[in-house]
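Biologist: Please take a close look at the packing of the secondary-structure elements in this model. One connected account would suit me, with the backbone details added where they belong.

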Amino acid sequence: MFTPTPREQFDRLQLAALAGLMCLGAAFVFSATMANEYSATLPWYSQSWVRQIVWYAIGIGAAAAVCVLDYNTLARWSFVAYWAAIFSLVAVLVPFIGSMRFGARRWIDLGFFQFQPSEFAKLAFILAGANFLSRPVDELKLPLNFWKGIGLMLLPFALILKEPDLGSALVLLPTGLVMMLVAGTPRKYLLRLAGVVGLLAALFLADILFAPPRWQIPMQAYQRNRLLVYFGRDYTHFASPTATPAELQHLRQRQLDDAYNVRQALISVGSGGLAGKGWGKGTQNALGYLPRAVAHNDFIFSVIAEEE
Amino acid sequence: MLVFDELKKNDAQLRLVAVVLLAGLLVLLIGLWWVQVVSAHEYQSHLETQSYRTIRLPAVRGKILDRDGRVLAENRPRYNLSLYLDDLRQPFYSGYTNLLKSARAVQKQNIANAEKKLGRSLTKVELKQFRLSSEYLEQLRQEARVRVASGILAQVSEKIGQPLALDAKNFNSHYAKKLALPYPALKNLNATNIARFEENYTNRLGADLELESVRSYPNGTAAGHLLGYVLRDDEAQSGENSYFNYFLPDYRGMVGVEAGFDSELRGRAGEESVLVNSLGYRQSENIGNQPEPGHNAVLTLDLDLQRAAENSLAAHRGADARAAVVVMDVRNGDVLALASSPAFNPVYSENDHARMADGTLRPAINRATQENYAPGSIFKPIVGLAALESGLDPNAIVDNPGFVYVGRRHITDLARPGKYNFRRAIMDSCNTYFITVGLQAGIDAIIRLAGKFHFGERAGLPTRQETTGDIPTRERIHSGWRDGDTANVCIGQGEVAVTPLQMAVAYAAIANGGKVFWPRLVTRIEPQDPASPEAPKNFPAGVIRDELGVRPGNLKILHDAMLAETEDAEGTGKAAVVPGLHICGKTGTAEIMDAQNRKTGRTTWFASFAPYENPRYAVVVMVENGTFGGPTCGPIAHDIYEEIVNQEKSAAGKVLAATLN
């Protein structure tokens, strides 16, 4: 390993890219929320874009703190952070601690501050994983260490899946696998693992998309619907053979409703074209076709793509 | 630390990760390129269909004016009280949240009651039946909207002092189907209401006046048949967008000038596109094509003469008279008045339906142009002219015993028995004389001359109210034609039928020395805006259709005889006389037979032109079911000539007034 000089610790290009992204982000959060009459009338300190900048400040502070800290210190605390994250992931599943939103328990509400433990779990997992995997290649070759690494990953994965938050849970898998790969875990292990995971995923998808209702893996309806929408499967495909035309029509309507956000996001991105409509001139957001409550976070890419 | 840097390092694993990441980014870029570049048009059109509504804007229909620019048909503004739904979004929403609050309270109460009854808290499954269904919530929203709208109407109602109620069903269907358009709550406000609204309803919340244009005919039923009528037209015109989200209709002329010049009067509809938000409320609008106003049609009609003709028919024969009057300028064929009775209101809905359906009255037909009538004796000048042209000596005497035999057929003659020359025969309308000279001249000569008058043919009026009339064809008179048929034609009966307009054209030709004109009804089509650079489309006056080619001397003989008809002591047309005007006329009375050959009534006529010295006007009066042409139609013609004389007298004054203006 090399010992970097203090000057080399900063990558100017990366910092510049980061600063650019932050400016763009704040600008489009502004654009996305200003179109909404309600949020435009909020006092300046409650506006989403101001909050965004406040979060930038907090984030920069935290980043600086982490940079200044010796990585050995970080390594020592990593497992503390990991188990704290696991604890909060368990806590969020307890009904009076985790709050229910849209049918899932993902948030812990401390009154003044709300957070998703899964977000912290991702970071804690990366720290703990890095610490665990920082060992000679010979040790990584031991099956026990391999399985420990897998366990490190699967524990938060299972807990987050239970919330349920499939999206956040799935992020852990490639992150963990790539870390193991880069750390030097033998390829044959990883290839086998990837093969098994891939096979499972393929079976899972095939089941969701093509299997008759009796053979379906039980899962949340919205998750199933999202997958069906993403892969463009027809809901009527799963209707019972005796379904009346009205029922089929109802299914088609439901599919249209479920696909609404995806469709509107595509219309935003597509209608913007290469040049875009100009900052603050996107109609999809201004007219409320993009869901208002989340246009400035979940759908910010659509807003950016439509306007620039 | 960029991804590329990892490629340079000699670390197989990192390199692999970097390659995979780059590949992933490439896939995303291709996806973005696919959506934003390749499919951009498709998504743009999706965007347009979901967020734009097109509205058809009808053009202002052109006016119809008389020859002096007096308005016969125009557009009257009509003010509707409309609710602007997009301004009411906030009240709708707060109304809904209030209703929702009380609904939730009721729901809580119900659950509490149920739990009390059971003595335990309800399970999840049991709670389900207390859930507020989305249908119920939609119902609450609807109720909130109706309440808000009713509240506003109540306010307005108080301000304008007129009770107003919201038709909830109508309102809800408007909300569902035409959200981007204002809701018309009260149509056609009167002037008092408009003033009160403007003065008192100052906060203007959600309600305002909206202008609509309605076709209006300021002179009531005057020239109603000629003007025709319009109906709302719900079809797009050719050359327009075939699809509009909201189609604001314009008028379509159904008959009369409104129909004949429909495309000119109508103009071109414009197009407005309205940007709507995700809920369908109007956000902003943008007019794509301005509507092009229709053109004005300027008629040859003289409103004063038209009124005189109609009033005179009503005064002498009553409102149920089945009659017609045509007044024509003999110098150029301009139609100055064209009246038909019973009257027809160009505002179609204001006509009495029972009367419209009456098979005898038939107010909808234009009797001046649309109905075949036996001309009777007013056809005799044409027969006489044919005879004169064939060499008849006007002074030759025909003895009238009071009847005439044609073959074995006995035809009575109402003219007193005695000796008749041409002049006396016209004056007393002697059947024996005209049958005798007509037979001498022969049916060929009569039909040849009638052909030059273009009887039995349409004059190409733009009103779609024309019939051809009847005249025997050449083929007809050479197959199975008998003298008796000729005798009938000689006295204007049998196989001859005419319209009053055809008789006016014929008498104008006799008056003007032999020029048969195309009757003209419209002088020009001009842009509504006088400042428009577009040139008016003129229809030339005095377009000659045919020349009679008769000797002027013979016309002079005819004029003299027709003058005697009104001025000689023996004349049958004396009732038409107006002091200071020499009128050449001919009365006519045709017996009408039904299928069983029974007499059912008489068509009475007075056909004329004046002044004798220098003819300018032809006046034809026809009354169905009159007594005799002279006493029935003469007085009506008299009134019209009186109006003409008055006009001529005040013409100098008019010219002066015009120059002062």
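Modeller: H1(A) and H14(A) are roughly perpendicular to each other. The model is a predicted one, and in it the two helices, residues 12-34 and 300-307 of chain A, pack at an angle of about 95° with their axes 10 Å apart. An angle from 65 to 115 degrees counts as roughly perpendicular, so this pair qualifies. On the H1(A) side the contact is made by Phe28(A), Val29(A), Ser31(A) and Ala32(A), and on the H14(A) side by Ile300(A), Val303(A), Ile304(A) and Glu307(A).

Another helix of chain A, H11(A), covers residues 245-258. Its 14 residues reach 20 Å from the first C-alpha to the last, close to the 20 Å expected at 1.5 Å a residue. The number of buried residues in H11(A) is 0, so this helix lies largely in the open.

Next comes the contact between the chains. Chain B gives 21 residues to it and chain A gives 21. On the chain B side, helices H2(B) (12-38) and H3(B) (40-51) each supply at least two residues, and H3(B) brings the largest share, 8 residues. One residue of H2(B) worth following is Val35(B). Leaving aside residues up to four places away in sequence, Val35(B) touches Leu266(A), Val269(A) and Gly270(A). Val35(B) counts as buried because it has 22 C-beta neighbours inside 10 Å, and the threshold is 20 or more. As for confidence, the predictor gives the complex an ipTM of 0.76 and a pTM of 0.70. Chain B averages a pLDDT of 88, and 95% of its residues score at least 70.

Within chain B, the main topic is an open sheet. Five strands form it in the order E13-E12-E24-E23-E22, with antiparallel pairing. E13(B) (335-341) and E22(B) are the edge strands, each pairing on one side only. From one strand to the next the twist averages 10°. Inside the sheet, E12(B) (residues 323-329) runs antiparallel to E24(B) (residues 617-624), and 7 bridges join them. Ala323(B) has Val623(B) as its bridge partner in E24(B).

Helices cover this sheet. H12(B), residues 303-317, lies across E12(B), E13(B) and E24(B) and runs at about 30° to E13(B). H20(B) also packs on the sheet, where it touches E12(B), E23(B) (599-610) and E24(B). The direction of H20(B) makes about 150° with that of E24(B).

H20(B), residues 500-512, is in turn one of the elements against which the buried residues of H21(B) pack. The others are H14(B) (380-389), H15(B) (422-428) and the edge strand E22(B) (584-593). H21(B) covers residues 552-567, and its end C-alpha atoms are 22 Å apart, which agrees with the 22 Å that 16 residues should span at 1.5 Å a residue. The buried residues of H21(B) include Leu555(B), Ile557(B), Leu558(B), Met562(B) and Leu563(B), and also the polar-named positions Asn554(B), Glu565(B) and Thr566(B).

Two loops beside the sheet strands hold cis peptide bonds. One joins Ser341(B) and Pro342(B), with omega about 5°, and Pro342(B) lies in the loop between E13(B) and H13(B) (353-357). The other runs from Ala610(B) to Pro611(B), with omega near -10°, and Pro611(B) is found in the loop between E23(B) and E24(B). Most residues other than glycine have a negative phi, and most peptide bonds are trans.

Two loop residues depart from the rule for phi. Ser429(B), in the loop between H15(B) and H16(B) (431-441), has a positive phi of about 55° although it is not a glycine. Ser429(B) is buried, because 28 other C-beta atoms lie within 10 Å. Asn188(B), in the loop between E4(B) (183-186) and H8(B) (191-200), has a phi near 60°. Asn188(B) counts as exposed, because its C-beta neighbours inside 10 Å number 12.

Another set of paired strands in chain B involves E19(B). E11(B) (residues 296-299) and E19(B) (residues 522-526) pair in the antiparallel sense over 4 bridges, with Asn296(B) opposite Glu526(B). E19(B) also runs antiparallel to E20(B) (residues 537-538), joined by 2 bridges, and there Ile525(B) stands opposite Lys537(B).

Technical notes. Residues numbered from 1 in each chain as written. Chains lettered and ligands numbered in written order. Predicted model: local features only at pLDDT ≥ 70, side-chain atom pairs only at ≥ 80, totals over all residues. Expected span 1.5 Å × (residues − 1). Pairing = 2+ DSSP bridges. pLDDT = per-residue confidence, 0-100. Axes fitted to C-alpha atoms, helices over the stretch in contact; angles between N-to-C directions. Parallel < 35°, antiparallel > 145°, perpendicular 65-115°, else oblique. Contact = placed C-beta atoms within 7 Å.
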